[in-house]
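Got the viewer open? Let's take a walk through this model, one selection at a time.

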Amino acid sequence: MEILVCVKRVPATGGQINLTADEQDIDTRFLGFTVSPHEECAVEEAVRLVEAHGGSVTVMTLGPAEAEEQLREAMAIGAGKAVLLDSGGRDWDPLATAAALTAAIRGREAADGPFDLILFGNESADSGGFQVGIRIAVALDRPCVIGVKALEVADGNVRAQRDAAAAREVYELPLPAVVAVKEGINLPRYPSVPGRLRAKRAPLDVLTPDDVTGGPTKVRLEVPVRVATTAEVLGEGPAAAPRVVEVLQQLGLVSS
Amino acid sequence: MILVLVEHTAGRPERTSLEALTVARGLAAATAGTAIEAVLIGPGAGDAAGWLAPQGVATAHVVEHPELTDYAPAAWATALAEVMATRRPSAVIAAGTDRGNEVLAYVGARTGLPLATNCLAVAPGSTGNGLSLRRQRWAGSLIEHAELAAATALLTIAPHAVAEEHADEPGAPSVASVTPTLASSDLASRVVGRIEPDAGTVSLSDARVVVGGGRGVGSAEGFAELEELAGLLGGAVGVSRVVTSAGWRPHAEQVGQTGLRIAPDLYIACGISGAIQHIVGCQAAKAILAINKDPEAPIMQRARYAVIGDLHQVVPAISAEVRRVSGG
């Protein structure tokens, strides 16, 4: 089966996120880059499906020229082809992102035939728009399921599971389909040395898409002010237990 | 008019939808004369609508259809779009849940309208055109100030980021029945079954007490003590990302940026340092009790209560004391 995975290059943020002076972006001078954990799992899932069913994995991103690094990482664990849509380094809104990816997918499918499955991470780690996959599914008129934590492909259908508060939901949809996965669906592998070497030399297509802004429009970013509290220390070690239970009683969590 | 998609369980509106209604009331108050209407879909919708008048809802559109016995995202979007077509709302608001984000993304895709997800606050724009809003990025580690100009603004509200008004008293708004026209493609993706948790399992999203474990728990076996305490308190176990990456616990228990957002009355954080990626998942807890060897751990700055010590000694001691006072 032919599988496309869409990923996004994002900064690998640590404990503290710092902004640039104009508050337009994260200050990435001292940060590495990665893809969202959900997307790492999407690439891994695609590679596993192709290992089981045959076919190939294509990985696609809309991002700056440097996003080549993330595409090569995906190729190092088993994606065969890669497409970079050059964003010119700008932050594209969800409508523009979906339009650019849809146009590129249509172009690719016109040349090489349809993708059986298009995988996304559930939401990008940075902007968290929760919509690009669905916008592309609607544009391509394909069924879609998001939030997927388990995926099986058999007899031209995908069977997907998604966590909900009361019980895990099971979805079944016909291929070709669009699926957005969440971390937890698998444990991504580390790339092998031969995989890395292969990925380094693999060809990579670069396209320049049209930007059609749709909103919302970013004005500025803000690091939320979190008021540090001073915790009331209930005690040290096991001797604190009676005082802890008093607090549990005050909170109505243990009957008095 | 502002239209709110209200999710419901067992004939009652979901808490996250009540939070969305809080934001809708704020926005309606800022633009005088704006009414709030609600859309509720599927079995139990009529009963849930009966709680919405005290929430400021003038009319509830109750959607029923023989094919809508269970959740089907595209069909829900079709139903919502039908109400939008006749009622022409200036804004459509849903909770920033899997379903709320998903259904509004479909509506946005089909109408070409932009969608701003996981908003914290929404107000009329300063230029008198469109809306000015604040929304979560990085699951809440960052806030984005944005503007949204559209014929109809599509918005979802970040769960547990605004206070909801409890629906303690029923009160029925006027009800309009809707039977949408569904295409077969609307039902191509739908819930066809459920995998029920083991009997007696307390849902992590609904638990009043969550006993959280992090790296400090040290092993899969180490969680037995946390499970015991959670069981005694009628609560659930939650974990940090380190724990699921190590394979100690299933991913469904992860609290944080790539897991669940929870809002229990008490979060007991055991051996959790308090990285921002975890804090964004538990910061809506009414109180945090941190049990940690390190009094300087970042979690201490978020906690109301703290016990300094080894969780493997402290947690069993708390369990024993709970048993003693409960006479068990």
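Start by selecting strand E1 of chain A, residues 2-7, together with strand E6 of chain A: 3 bridges join the two, and they run parallel. Keep in mind as you click around that this is a predicted model. To find your place along this pair, pick A:Leu4, which stands opposite A:Ile118 in E6(A).

Now add strand E10 of chain A, residues 177-181. E6(A) is joined to E10(A) by 5 bridges, and again the pair runs parallel. A good spot to zoom in on is A:Leu117, which has A:Ala177 of E10(A) opposite.

Stay with E6(A) a little longer and show its side chains. In a regular strand, side chains alternate between the two faces of the sheet. What covers the two faces of E6(A), buried residues or exposed ones? Colour A:Leu117, A:Leu119 and A:Gly121 for one side, then A:Ile118 and A:Phe120 for the other: all of them are buried, and both faces are covered. Since 5 of the 5 residues of this strand (117-121) are buried, E6(A) is largely enclosed by the rest of the structure.

Next stop, a pair of helices. Select helix H3 of chain A (residues 94-112) and helix H4 of chain A (residues 132-140); their axes come within 9 Å and cross at roughly 45°. Because of that angle, H3(A) counts as oblique to H4(A). The crossing of the two is right-handed. To see who makes the contact, show A:Pro94, A:Thr97, A:Ala98, A:Leu101, A:Thr102 and A:Ile105 on H3(A), then A:Val132, A:Arg135, A:Ile136, A:Ala139 and A:Leu140 on H4(A). By class, the residues of this contact are 8 nonpolar, 2 polar and 1 charged.

Time to bring in the other chain. Turn on chain B and colour the residues where the two chains meet: 73 residues of chain B are in contact with 69 residues of chain A. Among the chain B elements giving two or more residues to that side are helix H4 (98-111), strand E7 (115-124), strand E12 (191-195) and helix H8 (311-325). The side of chain B that touches chain A has 39 nonpolar, 19 polar and 15 charged residues.

For the last selection, which strand of chain A is joined to E12(B)? Pick strand E9 of chain A, residues 168-174: 4 bridges join E9(A) to E12(B), and the two run antiparallel. Finish by centring on A:Val170, with B:Gly193 of E12(B) standing opposite.

Methods. Residues numbered from 1 in each chain as written. Chains lettered and ligands numbered in written order. Predicted model: local features only at pLDDT ≥ 70, side-chain atom pairs only at ≥ 80, totals over all residues. Contact = placed C-beta atoms within 7 Å. Nonpolar A, V, L, I, M, F, W, Y, C, P; charged D, E, K, R; others polar. Pairing = 2+ DSSP bridges. Buried ≥ 20, exposed ≤ 12 C-beta atoms within 10 Å, placed from the backbone. Axes fitted to C-alpha atoms, helices over the stretch in contact; angles between N-to-C directions. Parallel < 35°, antiparallel > 145°, perpendicular 65-115°, else oblique. Left-handed = near helix turned anticlockwise from the far one by under 90°.
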